[in-house]
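Trainee: I have a protein model open on my screen and would like to learn how to read it. Could you walk me through a few features?

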Amino acid sequence: MSAQTSQQTVKSMDKIVALCRRRGFLFQSSEIYGGLNGFWDYGPMGVELKRNIKQAWWHDMVTSHNELLTPPGAPGPYAMVGVDTTIIMHPQVWKVSGHYDLFHDMMVDCRETKRRYRYDQVVGRWVQYGGQRIFVTTDEEGPQTEQDLLQRALKFFKLRSKNAEELQWDGPVQPLKCVQDFSVVLGPDAKSLGTLTQPREFNLMFKTYVGALAGEENVAFLRPETAQGIFVNFKNVLDSTRVKIPFGIAQIGKSFRNEITPRYFTFRSREFEQMEIEFFCHPKESQQWYKYWRDRRFQWYVSLGLDSQRLRLREHGAEELSHYSTGTADIEYAFPFLPPGKFGELEGIAHRGDFDLRSHMEGKLDPNTRPLQVELGPDGKPRWRGSGKDLTYRDEVTGERYVPHVVEPSAGADRAALAFLCEAYDEDQAPDEKGNPQNRVVMRFHPRLAPIKVAVFPLVKKEGMVEIARDIYGQLKKHANVFYDEKGAIGRRYRRQDEVGTPFCITVDGQTLEDRTVTIRDRDTLRQWRVKIDDCWSEIEKHLQPTH
Ligand code: ATP
């Protein structure tokens with residue numbers, strides 16, 4: 001008997017968050033002290049999920065990549081290598097990359113509530129009552145935005161819900177940016193008008209000090225992206241390996257951003273992990289490589305089970321592009337916490353031209369961005385100068401020397417984990433031991449990503465079955481993360497595994513004692529079939545292979 005259709009499952013964020021906590025995927029950081037906003041811990045299930053995502057990425061992008069072949073859609077063969085660089089780097093890196101001067105968000109403060117908001121996230125609507133027209137706001141657009149704005153407007157004008165029709169709304173929900181006069185703005189949590197300050201810049205880099213002295217000359221930053229660690233090692237990688245252009249350098253590691261308003265569970269955290277590739281190529285081929293990586297990265301998510309209906313590839317318009325980029329696309333997912341039709345970024349793929357390598361050579365930033373304040377260092381030289389090192393590439397065959405162009409696929413491991421969690425969540429009915437339908441929550445992870453690959457149960461805690469089940473458990477443990485459970489009704493044991501997304505359950509029953517076969521149950525189809533004990537691993541292993 002197969003599971004009943006679950007097309008109708010509403011992916012409620014509250015339920016997903018509750019499951020993550022209950023079953024050990026995610027906890028608030030420092031929870032026993034009340035938590036720390038924007039920081040999250042992965043529990044025993046979550047750590048496996050996230051590690052599987054990172055391993056799948058590293059395997060598919062780096063170690064299993066064959067540099068002798070031309071992959072479909074690529075202009076030719078290429079090489080891939082990896083690095084693991086430090087979180088704290090020379091502060092000059094951030095001056096030259098532009099982060100020191102330009103990596104900021106605009107924030108507004110509320111003088112009444114002392115709360116702080118990201119300027120671009122505050123949205124609102126014009127509303128009029130009794131001759132007074134105000135712009136009522138809320139912090140960030142969500143599924144409930146219009147309802148929130150209605151409640152806030154009713155409260156401000158001291159009206160009851162039944163008088164809602166007396167409010168005259170004017171135009172759609174729009175960003176605060178569209179409003180010039182803040183004196184008529186009702187801040188997201190304020191009771192009176194005009195309490196929001198004018199927007200100000202806020203640099204997102206965490207500052208720290210290296211060494212014993214906390215003076216300005218010892219200031220350093222926690223990296224806000226892993227990419228710069230790759231750029232500054234470009235020459236080291238070239239000199240220490242035999243890679244030739246085109247090639248990519250990959251890195252997985254922690255990044256830190258002092259986000260003004262961390263939110264949506266792990267989506268916007270202050271400490272998170274990135275999986276980044278800097279792909280170096282000849283300027284003439286860079287557009288082809290950009291298209292290759294954009295499509296390849298999109299397919300990667302699809303191959304691991306993200307429904308392409310909820311996933312989209314969005315090319316940036318000319319007005320959205322960085323000054324150095326001739327193409328940028330975001331891979332976005334329709335997270336359930338966003339309003340219908342809205343998508344959140346999982347990964348950005350950017351054509352970065354020669355901006356990064358050239359900046360690290362020459363220290364030049366485009367004058368269009370903003371005039372740099374030329375600060376002098378202790379040696380009397382401008383602090384934003386480049387390394388002065390030659391980061392050009394010489395083609396040994398043609399003799400041509402050039403600054404390579406870069407295509408950068410930059411993904412977030414935590415956002416990917418959140419998307420896979422949201423996508424996997426499902427509710428349906430599965431029959432219990434007596435064949436009666438029982439409601440169940442099932443996490444339909446791709447088997448490669450599932451925290452536990454297989455669970456092993458003796459049907460009953462009877463002599464013979466327990467020993468065999470423990471033995472199978474021991475054998476399978478050599479290959480994968482396996483779970484053993486002998487307590488409680490078998491239906492409940494299955495459902496507990498469904499809830500953490502274990503794709504297969506092996507049960508040792510009476511027949512096993514006679515013919516040394518066991519049943520394997522498939523989480524999604526609920527199909528059960530018998531295999532010989534010795535064939536268990538090969539039966540499961542084939543589902544754990546990459547599908548692209
Ligand atoms: P956003 O616009 O959502 O802040 P971004 O465009 O600044 O993201 P990038 O600088 O392109 O993000 O970073 C690359 C990837 O790193 C993002 O696609 C995302 O997956 C991840 N990432 C960035 N900021 C965060 C964060 N605060 N929390 C979790 N992941 C993040």
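Mentor: Gladly! Let's begin with a term: strands are DSSP runs of E with at least two residues, numbered from the N terminus, and two strands count as paired if DSSP finds at least two bridges between them. Keep in mind that this is a predicted model. Now a case: M107 stands opposite R118 in β5.

Trainee: Which strand pairs with β5, and over how many bridges?

Mentor: The general idea is that strands of a sheet pair through backbone hydrogen bonds, in either a parallel or an antiparallel way. Here, β4, made of residues 104–109, pairs with β5 in the antiparallel sense, and three bridges join them.

Trainee: What is the order of the strands in this sheet?

Mentor: The order is β5-β4-β10, an open sheet of three strands with antiparallel pairing. At the edges stand β5 (116–118) and β10 (200–203); each has a single partner strand, so one side of each is left without a neighbour in the sheet. On average, neighbouring strands of this sheet are turned by 50° against each other, direction ignored.

Trainee: Now the ligand. Which residues come nearest to it?

Mentor: To read a binding site, start with the residues around the ligand. There are 15 of them here, and R257, E259, R268, S269 and E345 come nearest. Sorted by class, this shell has three nonpolar, six polar and six charged residues.

Trainee: Which atoms should I look at next?

Mentor: Try the polar atoms. A ligand nitrogen is 2.8 Å from a polar backbone atom of S269. One oxygen atom of the ligand is 3.2 Å from an N or O atom in the side chain of Q274, and an oxygen atom of the ligand is also found 3.0 Å from a polar backbone atom of G412. Of the 590 Å² of accessible area that the ligand has on its own, the protein covers 80%.

Trainee: Which elements give two or more residues to the shell around the ligand?

Mentor: They are β14 (271–281), β17 (344–353) and β20 (405–412). The largest share, four residues, comes from β17.

Trainee: One last residue: is D509 buried or exposed?

Mentor: Compare its relative accessibility with the cut-off: buried means under 20%. D509 has 15% relative accessibility, so D509 counts as buried. You will find D509 in the loop between β25 (504–508) and α13 (510–515). Its side chain makes a polar contact with the side chain of R530, at 2.8 Å.

Definitions and conventions. Residues are numbered from 1 along each chain as its sequence is written. This is a predicted model: local features need pLDDT of at least 70, side-chain atom pairs count only at pLDDT 80 or more; totals for chains, interfaces and linings use all residues. Side-chain values use heavy atoms; hydrogens and water are left out. Axes are lines fitted to C-alpha atoms, for helices over the stretch in contact, and angles run from 0 to 180 degrees between N-to-C directions. A residue is near a molecule or strand if one of its heavy atoms lies within 4 Å of it. A polar contact is a pair of N or O atoms within 3.5 Å; within protein, one must be able to donate a hydrogen and the other to accept it, and residues adjacent in sequence count only if both atoms are side-chain atoms. Accessible areas come from the Shrake-Rupley method with a 1.4 Å probe; for residues, only the protein chains shown count as cover. Ala, Val, Leu, Ile, Met, Phe, Trp, Tyr, Cys and Pro count as nonpolar, Asp, Glu, Lys and Arg as charged, and the others, Gly among them, as polar. Buried means under 20% relative accessible area, exposed over 50%, partly exposed in between (1.4 Å probe, protein chains only).
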